[in-house]
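Me: I am new to this structure and would like a close look at a single part, the aromatic residues and what surrounds them. Please take me through that part in one connected answer.

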Amino acid sequence: MKSIVGKLIVWSFCALGWILAHIPHKAFLGVVYTLSALMRLLDRRRHKDAMANLEFVYPTMPLEEKRAIIKRCYQNFSFVLLESARALYMPKEAHLARFHFENLHYLQDIVAQEESFVLLSAHFGYWEAMANALPQFAQGYGMYSLGRLTQFEAVNEMIIQSRENYGVKLINKKGSLKQLLKIYTQPKQAVGILVDQNMSESEAVWVEFFGKEVTHSPVASILSRRYNIPILPVYIDFNEDYTQFFVKFYAPFKTPNTHDMDKDLLEATQIQASLTQEVIQSSPSSWFWFHKRFKAKYPEIYS
C-alpha cells in the first residue's frame with residue numbers, strides 16, 4: 001500500500017510540474033497565490049512563529065508591515081515548492097536565462113584556481129536554485145547540496161531528482177559531517193549549505209544575530225579550517241512576480257587556523273551570521289521567517 005501511495009504522489013507531482021511548465025506565467029502565479037492563501041488559512045502555526053520572530057527583531061515595525069511580510073513569505077514558500085516541480089519540465093536554457101549574476105568573478109576566481117570551496121546561503125529568496133543555477137560555472141567539480149530528507153520516500157525521490165538534473169548530489173543533513181569530511185579529501189569539491197536555522201547546543205556555536213544570542217551551525221567553518229578552503233556566500237532573491245532571479249556572491253573568506261580552534265570557528269561563524277543578517281535587512285520579505293530561529297535562547301517568544 002505504501003509503495004502505491006508513493007507512486008501516486010510521484011505521479012501527481014510530475015503531472016503538476018508538467019502542467020505548470022506549460023501554462024502562461026500569469027496562470028502559474030494564480031496557482032502560487034491560491035496555494036499561499038490556503039497555507040495562510042490552514043497553517044496558523046507558521047503564521048504565529050513568523051509574527052513572533054518579526055516582533056522580536058523589529059519591535060517598532062508597524063503591524064501592517066509585518067503582516068505584509070508574512071503574506072509575502074507564504075507566497076515565496078508556495079513559489080519555491082511549485083517552481084521546483086515546474087523546473088523539472090522546463091528547458092534548462094529557458095530556466096537558466098532568468099538568472100542574473102552579481103560578483104560572479106568570486107566564484108570564477110576560485111574555479112580558475114581549482115580550489116574546493118563551501119557555498120554558503122540561507123533560506124532566503126529562491127534558495128533551492130543554488131542546486132541548478134550555479135553548477136554551470138563549476139564544470140568538472142563534484143557538486144553537492146546539503147538538505148533534510150522527509151519521512152516520505154516518494155518526496156525524497158523528487159527532491160533528489162530536481163538536483164541530479166543539474167549534476168548535484170543530495171546529502172542528507174542528518175549525520176552529514178563524516179560524509180562531508182570524506183568528500184573534501186578529494187580535489188575540486190563544492191557543497192551548498194544553508195545555515196540560518198536554530199540548532200541544538202551540542203551541534204552549534206553561539207553567535208549574535210539581530211542583537212540576540214542564537215545557535216548557529218559551524219559546519220562550513222569546520223570544513224574551511226580543516227581543508228584550508230574558502231567559504232563563498234551566495235544569496236538568490238527574486239523580483240515581485242517571480243520572473244527574474246538575482247544571484248549575488250559575496251567575498252569569499254577562510255576560517256582562521258590558529259592555536260585556538262574554538263575562537264577560530266566562532267570568528268568565521270559570526271561572519272556568516274552577520275552577513276545573513278545584512279542580506280535579510282536588505283529585503284526582509286525574502287527571508288523564511290517561519291523558522292523558530294531564536295528558540296534556543298528565547299523559547300518563550302513562541303509560547
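Reply: In this predicted model, the charged end of Lys297 sits over the ring of Trp206, at 6.0 Å from the ring centre. A second arrangement of this kind involves Arg86 and Phe28: the charged end of Arg86 sits over the Phe28 ring, 3.7 Å from its centre.

Next come the rings that pair with one another. Searching the whole structure gives 27 aromatic pairs. One pair consists of Phe124 and Tyr235, with ring centres 6.3 Å apart and planes at 90°, so it is edge-to-face. Phe124 belongs to the loop between strand S2 (117-121) and helix H7 (130-133), while Tyr235 belongs to strand S8 (residues 231-238), so this pair ties together parts that lie 111 residues apart in sequence. Phe124 and Tyr235 are both buried.

Some aromatic residues also gather in a group. One aromatic cluster is formed by Phe56, Tyr58, Phe209, Phe210, Trp287, Trp289, Phe294 and Tyr298. From this cluster, Trp289 leads on to the nonpolar interior. The largest nonpolar core has 69 residues, and Trp289 is among those with the most contacts inside it, together with Phe79, Phe117, Leu119, Tyr126 and Phe249. Helix H4 (residues 63-87) gives this core its largest share, eight residues. What does Trp289 touch, leaving aside its neighbours within four places in sequence? Its contacts are Asp49, Ala50, Asn53, Leu54, Val57, Tyr58, Ile69, Cys73, Ile280 and Pro284. Of these contacts, Tyr58 is also a member of the aromatic cluster. A second core, separate from the largest one, has 19 residues, including Tyr144, Leu146, Ile183 and Ala220.

Ala220 of that second core is also one of the buried residues of H10, the others being Val219, Ser221, Leu223, Ser224 and Arg225. These buried residues pack against S2, helix H9 (177-183), S5, S8 and helix H11 (261-282). S2 and S8 have already come up with the Phe124 and Tyr235 pair. Just after H10, Asn228 has a positive phi of about 55°.

H10 leads on to an open space. Helix H10 (219-227) and strand S5 (189-194) each supply at least two residues to the lining of the second largest pocket. This pocket holds about 600 Å³ of space. Its lining has 25 residues, and those nearest the centre are Arg148, Lys173, Met199, Glu203 and Ser217. Lys173 is also touched by Gly147, as are Leu170, Ile171 and Asn172, when residues up to four places away in sequence are not counted. Gly147 lies in strand S3 (residues 142-147) and is buried, with a relative accessible area of 14%. Gly147 and Ile171 are 24 residues apart in sequence, yet their C-alpha atoms are 6.2 Å apart in space.

Tyr126 of the largest core leads to an enclosed space instead. The structure has two cavities of 30 Å³ or more, and the largest cavity holds about 100 Å³ of space. Tyr126 is one of the residues lining the largest cavity, and others include Ser84, Ala87, Leu88, Glu128, Arg163 and Tyr166. At least two lining residues come from each of H4, H7 and helix H8 (153-164). H4 thus appears here once more, having supplied eight residues to the largest core.

Notes
Residues are numbered from 1 along each chain as its sequence is written. This is a predicted model: local features need pLDDT of at least 70, side-chain atom pairs count only at pLDDT 80 or more; totals for chains, interfaces and linings use all residues. Side-chain values use heavy atoms; hydrogens and water are left out. Rings of Phe, Tyr and Trp (its six-membered ring) pair if their centres lie within 6.5 Å; planes under 30 degrees apart count as stacked, over 60 as edge-to-face and the rest as tilted. Helices (H or I, at least four residues) and strands (E, at least two) are DSSP runs, numbered from the N terminus. Buried means under 20% relative accessible area, exposed over 50%, partly exposed in between (1.4 Å probe, protein chains only). A charge sits over a ring if NZ of Lys or CZ of Arg is within 6 Å of the ring centre and within 35 degrees of the ring normal. A nonpolar core is a set of buried Ala, Val, Leu, Ile, Met, Phe, Trp, Tyr and Cys residues joined through side-chain atoms within 4.5 Å. Contact means heavy atoms within 4.5 Å. On a 1 Å grid over the protein atoms alone, a cavity is a set of points where a 1.4 Å probe fits but cannot get out, and a pocket is an open set with protein on both sides within 12 Å along at least five of seven lines; lining residues have an atom within 4 Å of a point. Grid points are joined across faces, edges and corners, and a volume is the space filled by probe spheres set on the points.
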